[in-house]
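Trainee: Please pick one part of this protein and take me through it closely. I am new to this, so a starting point and a path outward from it would help.

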Amino acid sequence: MAQAGPHTPQVKLLDLHPPADDFARDVLDGLSESPRALSPKYFYDARGSHLFDRITELPEYYVTRTELAIMEAAMPDIAARVGPDASVIEFGAGSGQKTRRLLAGLDAPISYVPVEISRDHLMSAAQAIAEEFPDIEVLPVCADFTQPFNLPQPARMPVRNLVYFPGSTIGNFPKPEAIDLLRVMYTEAAQGGALLIGVDLRKDRARLEPAYDDAAGVTAEFNLNLLARINRELDADFDLDRFRHEATWNPDDGRIEIRLVSMVKQSVEIAGRPFRFASGETILTEYSHKYDLGEFASMAREAGFAVEKVWLDDDRLFSIQLLTRS
Ligand code: TRP
């Protein structure tokens, strides 16, 4: 590790040793299911992370810029409600604009605790925040945040915990799992704590589908990169010209469904095993649930939270919500 100088604060990792991913096993199992599915957690290799950064800047992808604008406008109110000397516990390691905005806008937060399964991503994000915010104690935790975990103890006692979960990542979980995750956040918020969460809202198909299938084709490339990654890492021969990206709004289940569609009848070999695809056969790669305010409030209540405040943009595309332990 590099020598710590006055301008490179060292951050101390709490490593809870989450089990390593088994990419090969998960791919072979997922493609053997009916319908076939691949876990969205595998989108984010180096190329996938780069493509996702480009998605957040697409004109059709309203999510990131709308959340940032709401955050910008709501920050004084958020800071007043949270109060001084909080500990911010982020589910996932953010070093982006949203995390920086929150830490800069709160009233003298004591500590920042990013919780993230990818050790490398966690440490580089934590180090970047520590350098930018020398007065905040940065205490990264390497763990699978879907299960309850022990928090590190900051040097000074925080007044309350503020769990932070931006980006509407909650929408990527099926509803029962989303409620389970809210329950974990309730536990980690602890007595007197709160959750600040980004929740994307139900809206017209005409707005939703292009957000997940943009004109420039970046989202298609992002989705197809999953097959390219399988080719690169698992000795497979997916022909990327014979699969296409599809994003469909399912109004009954309130979600965007993202799939890869086999355009022809074909056979693919992965690690020596053949997989036969019919023409039109699909691989599910992600759900992105959209909620209305009442529906999300009842999920929050099921997990023990009360909705203290909801901030919206003028077009009511997206919400940032402050949930408190009731
Ligand atoms: N959490 C993001 C969302 O649901 C992830 C995402 C955006 C995504 N675009 C995508 C996932 C396209 C798969 C494909 O909004």
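Mentor: We need one definition first: helices (H or I, at least four residues) and strands (E, at least two) are runs assigned by DSSP, with numbers that count from the N terminus. Keep in mind, too, that this is a predicted model.

Let's start at strand β7 and work outward. β7 covers residues 160-165. Five of its six residues are buried, so the strand is largely enclosed by the rest of the structure.

What does β7 pair with? Strands of a sheet pair through backbone hydrogen bonds, either parallel or antiparallel. With β3, the strand at residues 86-91, β7 shares five bridges, and the two run parallel. If you want to find this pairing on screen, look for A86, which stands opposite R160 in β7. β7 also pairs with β8, again parallel, through four bridges. Here L162 has A194 of β8 as its bridge partner.

Now follow β3 to F91, a residue of that strand. F91 has a relative accessible area of 3%, and it counts as buried because the cut-off is under 20%. Leaving out residues up to four places away in sequence, F91 touches V115, F145, F149, V163, Y164, F165, L181, V184, M185 and E188. Among these contacts, V163, Y164 and F165 fall within the stretch of β7, while L181, V184, M185 and E188 fall within helix α6 (175-189). To get a sense of distance, compare V264: this residue is 173 positions from F91 in sequence and 40 Å from it in space, C-alpha to C-alpha.

The chain reaches β8 (194-200) from helix α6 through a loop, and A190 sits in that loop. A190 has a positive phi of about 60 degrees although it is not a glycine. With 28% relative accessibility, A190 is partly exposed.

There is also open space beside our strands. Rolling a probe the size of a water molecule over the atoms shows where empty space is left. β3 and β7 each supply at least two residues to the lining of the second largest pocket. This pocket holds about 230 Å³ of space. Fifteen residues line it, and those nearest its centre are L151, Q153, M157, P158 and N161. By type, the lining has ten nonpolar residues, four polar ones and one charged one.

Next, let's see how the buried residues group together. The largest nonpolar core has 65 residues, and I78, L102, L196, L227, I230, F238 and I270 touch the most other members. Helix α3 (residues 62-82) gives this core its largest share, nine residues. A second core of 30 residues lies apart from it, and this one brings us back to F91, which is among its members along with F173, I179 and L181.

L227, from the largest core, leads us to another sheet. Not counting residues up to four places away in sequence, L227 touches L38, F238, L240, F243, L260 and I283. F243 lies within β9 (243-250), and I283 lies within β13 (residues 282-289). These two strands belong to an open sheet of four, in the order β2-β13-β10-β9, with mixed pairing. β2 (36-37) and β9 stand at its edges with a single partner strand each, so one side of each is left without a neighbour in the sheet. β2 runs parallel to β13, and two bridges join them; one bridge pairs R36 with I283.

Just before each of these edge strands there is a backbone detail to look for. In the loop between α1 (23-32) and β2 you will find P35, and the peptide bond from S34 to P35 is cis, with omega near -5 degrees. In the loop between α8 (218-234) and β9 you will find D235. D235, like A190, has a positive phi without being a glycine, here about 55 degrees. D235 is exposed, with a relative accessible area of 62%.

Methods
Residues numbered from 1 in each chain as written. Predicted model: local features only at pLDDT ≥ 70, side-chain atom pairs only at ≥ 80, totals over all residues. Heavy atoms only, no water. 1 Å grid on protein atoms, 1.4 Å probe; cavity = no way out; pocket = protein on both sides within 12 Å on 5 of 7 lines; lining within 4 Å. Points joined across faces, edges and corners; volume = space filled by probe spheres on them. Nonpolar A, V, L, I, M, F, W, Y, C, P; charged D, E, K, R; others polar. Core = buried A, V, L, I, M, F, W, Y, C linked by side-chain atoms within 4.5 Å. Buried < 20%, exposed > 50% of the residue type's maximum accessible area, 1.4 Å probe, protein only. Contact = heavy atoms within 4.5 Å. Pairing = 2+ DSSP bridges.
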